[in-house]
Amino acid sequence: MSVESLPQLGIDVGGTSIKGAIVDLSAGHLAGGIHTEPTPPTATPSDVVAAIGRIAAAADWIGPVGVALPGVIDGSSLRHAPNLSSAWEVDGALACLRAPEGANAVLINDADAAGLAELTYGDAGLDRDGLTIVLTFGTGIGSALLHNGDLIANSELGGLVGSNGRFEEIASGRAISSEELTPMEWARRAQPFFDELEAMLNPSRWVVGGGLSENFERFASRLRLSKPISAAHLGVHAGVVGAAVAASRAGRDSEGSAQR
């Protein structure tokens, strides 16, 4: 999947922190350091816009930005974002992020951003190998579905509920940290959800992103899966890079529309 070669600012909004960096889109690498802001306790849209503004200023960036958000982008609001304020669910909540005088942002779900980065810079086989399930383990668990080179947006597989609770509540990166789970303890919690997803969706492969990608071998080796599993090609930076790719593609599409 081709992208523009110009640099682009990408920002990944999480339940704990908001991080951004300028991305070299020709290579899928960060072109500068990561700038990080703690996610404000209130985590309203205006709070996040202010944090994005500070990150853009720190990166000396002027112009549209790509922003990955931890929820389902539904028109003018954000649904299923339990780690942010309920104010995101109000109609029109996203207007301040999209407005030029606000964040001037192109928006994408955070796990979809990681999936888009994987499609753009990861293994070539993703465009022909059927279904790949990307799971991002952080404050919650995000998911992206990649099918033969296409991104199927806004899946929320972290919301699956099993006998012990919701997948993202008992097996997320936050659960690992707060409960000091060992890899084996985590695997016992996560295995039933992988089994259910495998039975329902029959993926060809799995990709793990988010904080868990940094300890991929310790944790993923404890799972019993019938299909290959690998760490996200860009690790913890996948959301930032994918957000930048989304902004680049949106800009290219709008230019094409203007020329027709």
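Which strands does helix 3 lie across, and at about what angle does helix 3 run to strand 10? In this predicted model, helix 3 (residues 110-121) lies across strand 9 (131-137), strand 10 (141-147), strand 11, strand 14 and strand 15. The direction of helix 3 is at about 40° to strand 10.

The strands in question belong to an open sheet of 5 strands, arranged in the order 11-10-9-14-15 with mixed pairing. Strand 11 (150-152) and strand 15 (229-231) are the edge strands, each pairing on one side only. From one strand to the next, the twist averages 25°. Strands of a sheet pair through backbone hydrogen bonds, in either a parallel or an antiparallel manner. Strand 14 and strand 15 run parallel and are joined by 3 bridges. Within this part of the sheet, V207 stands opposite S230 in strand 15.

A further helix that lies across strands of the sheet is helix 6, which contacts strand 9, strand 10, strand 14 and strand 15 and runs at about 155° to strand 9. Helix 6 (residues 183-201) comprises 19 residues and spans 25 Å from its first C-alpha to its last, close to the expected 27 Å. A kink of about 35° is located at A190, shortly before the proline P192. The buried residues of helix 6 are P183, W186, A187, A190, Q191, F193, F194, L197 and E198; the site of the kink, A190, is thus among them. An α-helix has 3.6 residues a turn, so residues three or four places apart point the same way. Just after helix 6, N202 adopts a positive phi of about 50°.

Aromatic contacts were examined next. A search of the whole structure finds 6 aromatic pairs. The ring centres of F167 and F194 are 6.3 Å apart and the ring planes stand at 80°, so this pair is edge-to-face. Because F167 lies in helix 4 (residues 167-170) and F194 in helix 6, the pair ties together parts that are 27 residues apart in sequence. F167 is buried, with a relative accessible area of 0%, and F194 is likewise buried, with a relative accessible area of 1%. F194 also forms an aromatic pair with W206, with 4.9 Å from centre to centre and 55° between the planes, an arrangement that is tilted. As F194 lies in helix 6 and W206 in strand 14 (residues 205-210), this pair ties together parts that are 12 residues apart in sequence. Both F194 and W206 are buried. Ring pairs link these residues into a cluster that consists of F137, F167, W186, F193, F194, W206 and F219.

Another buried position is A175, which is placed in helix 5 (residues 173-178). The relative accessibility of A175 is 3%, under the 20% limit, and A175 therefore counts as buried. Residues up to four places away in sequence aside, A175 touches E169, I170, E180, L181 and R189. Among these contacts, I170 falls within helix 4 and R189 within helix 6. A175 and G140 are 35 residues apart in sequence, while their C-alpha atoms lie 8.7 Å apart in space.

Terms used:
Residues numbered from 1 in each chain as written. Predicted model: local features only at pLDDT ≥ 70, side-chain atom pairs only at ≥ 80, totals over all residues. Heavy atoms only, no water. Helix = DSSP H or I, 4+ residues; strand = E, 2+ residues; numbered from the N terminus. Expected span 1.5 Å × (residues − 1). Bend = angle between axes of the 7 residues up to and from the residue. Buried < 20%, exposed > 50% of the residue type's maximum accessible area, 1.4 Å probe, protein only. Phe/Tyr/Trp six-rings, centres within 6.5 Å; stacked < 30°, edge-to-face > 60°. Pairing = 2+ DSSP bridges. Axes fitted to C-alpha atoms, helices over the stretch in contact; angles between N-to-C directions. Contact = heavy atoms within 4.5 Å.
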